[in-house]
Amino acid sequence: MSPRPLIAGNWKMNGLGLDLDEARAIGAAVEQGTFGARVALCPPATLVDRMAQTLMGLPVSVGGQDCSPKAAGAYTGDVSAAMLAEAGARLVILGHSERRAGHGETDALVAAKVLAAISAGLEPIVCVGESLEQRQAGEALSVVASQLAGSIPSSIGDAAFAVAYEPVWAIGTGLTPSLAEIEAVHIALRSGLVQAFGDAGQRVPILYGGSVKAANAAEILAIPEVGGALVGGAALKASDFMPIIAAA
Ligand code: PGA
């Protein structure tokens, strides 16, 4: 049986205390409706604790957007996985392309973060995705396969994690790959997961991310091997996010 789809909102560097009203509205709407999906919101680190309090008792989990590969120490500005977990996070986005590109994160660093997250009891959402140049050069499948292999250590055992396919050129641009292109990448990722993790690789949710919105969510979520969505801009407001949750 395939797991429930996961719809995760990535607030990126958006959100002050007042925006918890939107999280509260999302939590209340998910509580009231009957939805097939698991739902998570990943606010900036400063809001994890308050959002977890806000959503206490409601069926929406809170996640971080990054964590340090280190457990503790002299790492000014970094936040450890245990700190996120203590603040109320249950998941953490790792290897987002904005961190790979803007902060020089390599597959090896992402893999170390995955291990740190799992040892703190967090469920990592590991992002992979090709650039526009790589897609145009016909390298999309090989790029994501190598990111997948390099970013998820085989030593994670049976810990829960998810993968998110986020083509860099589709993030925040309004552009999305064709449904067939998304399917091809998700099939390639599934086979990489099964190769690495055997049967357990069949159960790992593979989310799609990049300009998911109410208007395209249903058709994207219906693609075989798409097990949810990682949503940026359209996760900031309950009115934009709820139709995506309802489409899963
Ligand atoms: P977007 O962002 O939905 O705004 O394109 C997705 C993401 O970066 O996770």
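These legends walk through several close-up views of one predicted model.

Residues are numbered from 1 along each chain as its sequence is written, and side-chain values use heavy atoms, with hydrogens and water left out. Because the model is predicted, local features need pLDDT of at least 70 and side-chain atom pairs count only at pLDDT 80 or more, while totals for chains, interfaces and linings use all residues.

**View 1. The shell around the ligand.** Here 13 residues surround the ligand, and the closest are Lys 12, His 96, Glu 166, Gly 172 and Ser 211. A residue is near a molecule or strand if one of its heavy atoms lies within 4 Å of it. By type, the shell holds four nonpolar, seven polar and two charged residues. For that tally, Ala, Val, Leu, Ile, Met, Phe, Trp, Tyr, Cys and Pro count as nonpolar, Asp, Glu, Lys and Arg as charged, and the others, Gly among them, as polar.

**View 2. Polar contacts of the ligand.** Look for the ligand oxygen atoms in this view: one is 2.8 Å from a polar backbone atom of Ser 211, and an oxygen atom is also 2.8 Å from a polar backbone atom of Gly 232. With Asn 10 the partner is a side-chain N or O atom, 3.4 Å from an oxygen atom of the ligand. Taken alone the ligand exposes 280 Å², and the protein buries 95% of that. A polar contact is a pair of N or O atoms within 3.5 Å; within protein, one must be able to donate a hydrogen and the other to accept it, and residues adjacent in sequence count only if both atoms are side-chain atoms. The areas come from the Shrake-Rupley method with a 1.4 Å probe, and for residues only the protein chains shown count as cover.

**View 3. Two loop residues beside the ligand.** Lys 12 and Ser 211 are both among the closest residues to the ligand. Lys 12 sits in the loop between strand S1 (6-10) and helix H1 (20-32), with phi near 50°, a positive value in a residue other than glycine. Ser 211 belongs to the loop between strand S7 (206-209) and helix H9 (214-221), and its phi, near 60°, is likewise positive in a residue other than glycine. Helices (H or I, at least four residues) and strands (E, at least two) are DSSP runs, numbered from the N terminus. Ser 211 counts as buried because its relative accessibility is 14%; buried means under 20% relative accessible area, exposed over 50%, and partly exposed in between (1.4 Å probe, protein chains only).

**View 4. The largest nonpolar core, around Val 163 and Leu 189.** This core has 63 residues, and those with the most contacts inside it are Ile 7, Ile 26, Leu 41, Val 163, Leu 189, Val 231 and Phe 241. A nonpolar core is a set of buried Ala, Val, Leu, Ile, Met, Phe, Trp, Tyr and Cys residues joined through side-chain atoms within 4.5 Å. Apart from the largest core lies another, of twelve residues, including Ile 93 and Leu 230. Val 163, in strand S6 (residues 162-165), is buried, with a relative accessible area of 0%. Val 163 and Val 126 are 37 residues apart in sequence, yet 4.7 Å apart in space, C-alpha to C-alpha. Leaving aside neighbours up to four places away in sequence, Leu 189 touches Val 128, Val 144, Leu 148, Val 163, Tyr 165 and Ile 206, where contact means heavy atoms within 4.5 Å.

**View 5. Arg 100 and Gln 147.** What surrounds Gln 147, leaving aside its neighbours within four places in sequence? The residues in contact with Gln 147 are Arg 100, Asp 107, Val 128 and Gly 129. Gln 147 lies in helix H7 (residues 140-151) and is buried at 12% relative accessible area. Its partner Arg 100 is found in helix H4 (residues 97-102) and is buried too, at 14%. Beyond four places in sequence, Arg 100 touches several residues, among them Glu 105, Asp 107, Cys 127 and Ser 151.

**View 6. Thr 54 in helix H2.** Thr 54 is in helix H2 (residues 45-54) and is buried, with a relative accessible area of 17%. The side chain of Thr 54 reaches the backbone oxygen of Arg 50 at 2.7 Å. Not counting residues up to four places away in sequence, Thr 54 touches Leu 20 and Arg 24.
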